[in-house]
Amino acid sequence: MNNEEHLWSLEERFWLEGLDSARHMTAKGAVFVFPYPIGILQGDALWQEQSVAQRWRTVSMTERYLKQENDIAVLAYSVSAERADLPVYEALCTSCYVQDNERWLRVMHQQTVEY
């Protein structure tokens, strides 16, 4: 699997797998920006926010863009995600990863709801 495939796989796992998996793929001190009312979360606050810890049943990422420079990669995409108890969630997203000892870790994630 090349870097691009691996990074997109990590991003999909972030949406679909459990809390422990997301925490394992995220750098300490990472910053996430979510739509109102959640806002900006950093560090351990990420894992205390109820909606961040929940996983999605299905996810579709389209309009995928990836820019990699050395040990930094930025992913941008449109997401459509679904949970059993909520309407389909649609947003524009970006995630930034840094490679640390050949392991990619998310240092930033942002979501902008599409209306």
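## The second largest pocket

In this predicted model, the lining of the second largest pocket is a mix: 4 of its residues are nonpolar, 3 are polar and 3 are charged. Going through them by name, you will find Arg23, Thr26, Ala27, Lys28, Gly29, Ala30, Gly43, Asp44, Leu46 and Trp47. The pocket's volume is about 150 Å³.

Which elements give two or more residues to this lining? They are S1 and H3. Strand S1 gives the most, with 5 residues.

## Strands side by side

Let's turn to the strands, beginning with S3 and S4. These two run antiparallel and pair over 10 bridges. One spot to look for is Thr58, which stands opposite Glu82 in S4. The hairpin of S3 and S4 has 2 residues between the strands, and here Asn70 takes a positive phi near 55°.

On to the next pair: S4 and S5 are also joined by 10 bridges and run antiparallel. Here Val74 stands opposite Cys96 in S5. The hairpin that links S4 to S5 passes through 6 residues.

## The largest nonpolar core

In soluble globular proteins, nonpolar side chains tend to be buried together. The largest nonpolar core of this model has 26 residues, and those touching the most other members are Leu7, Trp15, Tyr77 and Val79. Several elements each supply at least two residues of this core: helices H1 (3-16) and H3 (45-48), together with strands S1 (26-34), S3 (58-69), S4 (72-82) and S5 (89-100).

Val79 is a good place to start exploring. Setting aside neighbours within four places in sequence, Val79 is in contact with Trp15, Val59, Ser60, Met61, Tyr89, Glu90, Ala91 and Cys93.

## A closer look at Leu75

Another residue to visit is Leu75, which has its place in strand S4. Is Leu75 buried or exposed? Leu75 counts as buried because its relative accessibility is 0%, and the cut-off for buried is under 20%.

What does Leu75 touch, not counting residues up to four places away in sequence? Its partners are Leu7, Trp8, Glu11, Tyr65, Leu66, Cys93, Thr94, Ser95 and Tyr97. With Trp8, the chain brings together two residues that are 67 residues apart in sequence, with 8.0 Å in space from C-alpha to C-alpha.

Note on methods. Residues numbered from 1 in each chain as written. Predicted model: local features only at pLDDT ≥ 70, side-chain atom pairs only at ≥ 80, totals over all residues. Heavy atoms only, no water. Core = buried A, V, L, I, M, F, W, Y, C linked by side-chain atoms within 4.5 Å. Buried < 20%, exposed > 50% of the residue type's maximum accessible area, 1.4 Å probe, protein only. Helix = DSSP H or I, 4+ residues; strand = E, 2+ residues; numbered from the N terminus. Contact = heavy atoms within 4.5 Å. 1 Å grid on protein atoms, 1.4 Å probe; cavity = no way out; pocket = protein on both sides within 12 Å on 5 of 7 lines; lining within 4 Å. Points joined across faces, edges and corners; volume = space filled by probe spheres on them. Nonpolar A, V, L, I, M, F, W, Y, C, P; charged D, E, K, R; others polar. Pairing = 2+ DSSP bridges.
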